[in-house]
Amino acid sequence: MLTYPGVVDLPESTLTFLAGLLAEDRAQRRTWRKLPPPEQALLVLVHLRKGERYEQLAEGFQVSVGTVHNYIREAVRLLATHGRTLLAAVWIFAWTQSNFLILDGTIVRTNRVRAHNKLYYSGKHKYHGINLQGLTDPYGRLIWISEGLPGSVHDLTAARMHDILDLIDRSELYLYADKGYVGGEGDRLLVPIKKPKNNDLPDRDKEANRTHATTRSQGERGFAVLKNWHIFDRFRGCPRRVGTFAQAALVLATEGL
């Protein structure tokens, strides 16, 4: 396999941040690795940012494929543990910021899982994937991302399974969401007004929906943070780990800059 010089479009601070976490973890566990922390951190960032496969990384960093797998798994787990829980994200925001958050969902495409193809198949998107739920602040900054659920799970069902609606209701924040969450419980869930069958919406309801869409549009920027990490273009690992990888990417995007 040929090798070549390459670049990763990330600042030096991201590498320093991850290398510091790895070095601290090694010191606490009194363990040793073939690559020093900065090189392991670079390997992980190349995988997450560029989506390069294990075989390519093994050749480029002169280690085995098994070592690449272990390095990535170790670093992603470590990063994910530094992310905020849903409870922490909501309550910190409730005490210090505005009075509403934006809820949105996305499907991360995965390789087909033959044994559970119906479970992971998203009828809306017409491919196999993992459902992720995210909370965004009014400025489009993603503050929390969920564990992954099979792609067949509806967004409203996913929000209920993660207890998002109940927690938001208790926090006294308002929650803007799209029509995929129509029917959700709680007085603080704000969704578009549904068009009645065989009838047009009154002008006041159309204007309310336009205002709602303008506010909620900022939330669509939240998941753009994942699109910059090309590992999510088509996730090739175990589908059950998509959420952990997404949480790791969020930590790098927020704390590692």
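1. I'd start with the cavity. Leu 165, Ile 168, Asp 169, Leu 175, Glu 185, Gly 186, Asp 187, Arg 188 and Leu 189 line the largest one. Bear in mind throughout that this is a predicted model. The volume of that cavity comes to about 40 Å³, and a search of the whole structure turns up 1 cavity of 30 Å³ or more.

2. What is the lining made of? By class, it has 4 nonpolar, 1 polar and 4 charged residues. Helix H8 (residues 164-171) gives the largest share of the lining, with 3 residues.

3. Staying with helix H8, there is a salt bridge to look at: the side chains of Arg 170 and Asp 166 meet at 3.2 Å, N to O. These two sit 4 residues apart in the helix, so about one helical turn separates them. Asp 166 counts as partly exposed, at 45% relative accessibility.

4. Now the overall picture. The protein has 11 helices and 7 strands, and its C-alpha atoms fill a box of roughly 65 × 45 × 30 Å along the principal axes. Of the 257 residues, 48% are buried. Taking contacts with a separation of 6 or more, 62% are between residues 24 or more positions apart.

5. On to the packing. The largest nonpolar core has 47 residues, and the members that touch the most others are Leu 18, Leu 43, Leu 132, Leu 226, Trp 229 and Phe 232. Which elements give two or more residues to this core? They are helices H1 (12-29), H2 (37-50), H3 (54-61), H4 (65-81), H10 (224-227) and H11 (242-255), along with strands E3 (127-136) and E4 (142-145). H11 supplies the largest share, 9 residues. Apart from this core lies another, of 20 residues, with Leu 165, Leu 167, Leu 173 and Leu 189 among them. Two of those names should look familiar: Leu 165 and Leu 189 also turn up in the cavity lining.

6. Trp 229 deserves a look of its own. Leaving out residues up to four places away in sequence, Trp 229 touches Leu 10, Leu 45, Leu 48, Arg 49, Ala 249, Leu 252 and Ala 253.

7. Next, the charges. The whole structure holds 12 salt bridges. Which residues form a network of them? Asp 25, Arg 29, Arg 33, Glu 74 and Arg 77 are linked in this way, and I'd go through two of the pairs involving Arg 29.

8. One pair is Asp 25 with Arg 29, where the closest N and O atoms are 3.0 Å apart. Both residues lie in helix H1, 4 residues apart, or about one turn of the helix. Is Asp 25 buried or exposed? Asp 25 is buried, at 10% relative accessible area, whereas Arg 29 counts as partly exposed at 43%.

9. The other pair is Glu 74 with Arg 29, whose side chains meet in a salt bridge at 2.6 Å, N to O. Here distant parts of the chain are linked: Glu 74 is in helix H4 and Arg 29 in helix H1, 45 residues apart. Glu 74 has 9% relative accessibility and so counts as buried. Put together, Arg 29 bridges to Asp 25 and to Glu 74, with Asp 25 buried and Glu 74 buried too.

How values were computed
Residues are numbered from 1 along each chain as its sequence is written. This is a predicted model: local features need pLDDT of at least 70, side-chain atom pairs count only at pLDDT 80 or more; totals for chains, interfaces and linings use all residues. Side-chain values use heavy atoms; hydrogens and water are left out. A nonpolar core is a set of buried Ala, Val, Leu, Ile, Met, Phe, Trp, Tyr and Cys residues joined through side-chain atoms within 4.5 Å. Buried means under 20% relative accessible area, exposed over 50%, partly exposed in between (1.4 Å probe, protein chains only). Contact means heavy atoms within 4.5 Å. On a 1 Å grid over the protein atoms alone, a cavity is a set of points where a 1.4 Å probe fits but cannot get out, and a pocket is an open set with protein on both sides within 12 Å along at least five of seven lines; lining residues have an atom within 4 Å of a point. Grid points are joined across faces, edges and corners, and a volume is the space filled by probe spheres set on the points. Ala, Val, Leu, Ile, Met, Phe, Trp, Tyr, Cys and Pro count as nonpolar, Asp, Glu, Lys and Arg as charged, and the others, Gly among them, as polar. A salt bridge is a side-chain nitrogen of Lys or Arg within 4 Å of a carboxyl oxygen of Asp or Glu.
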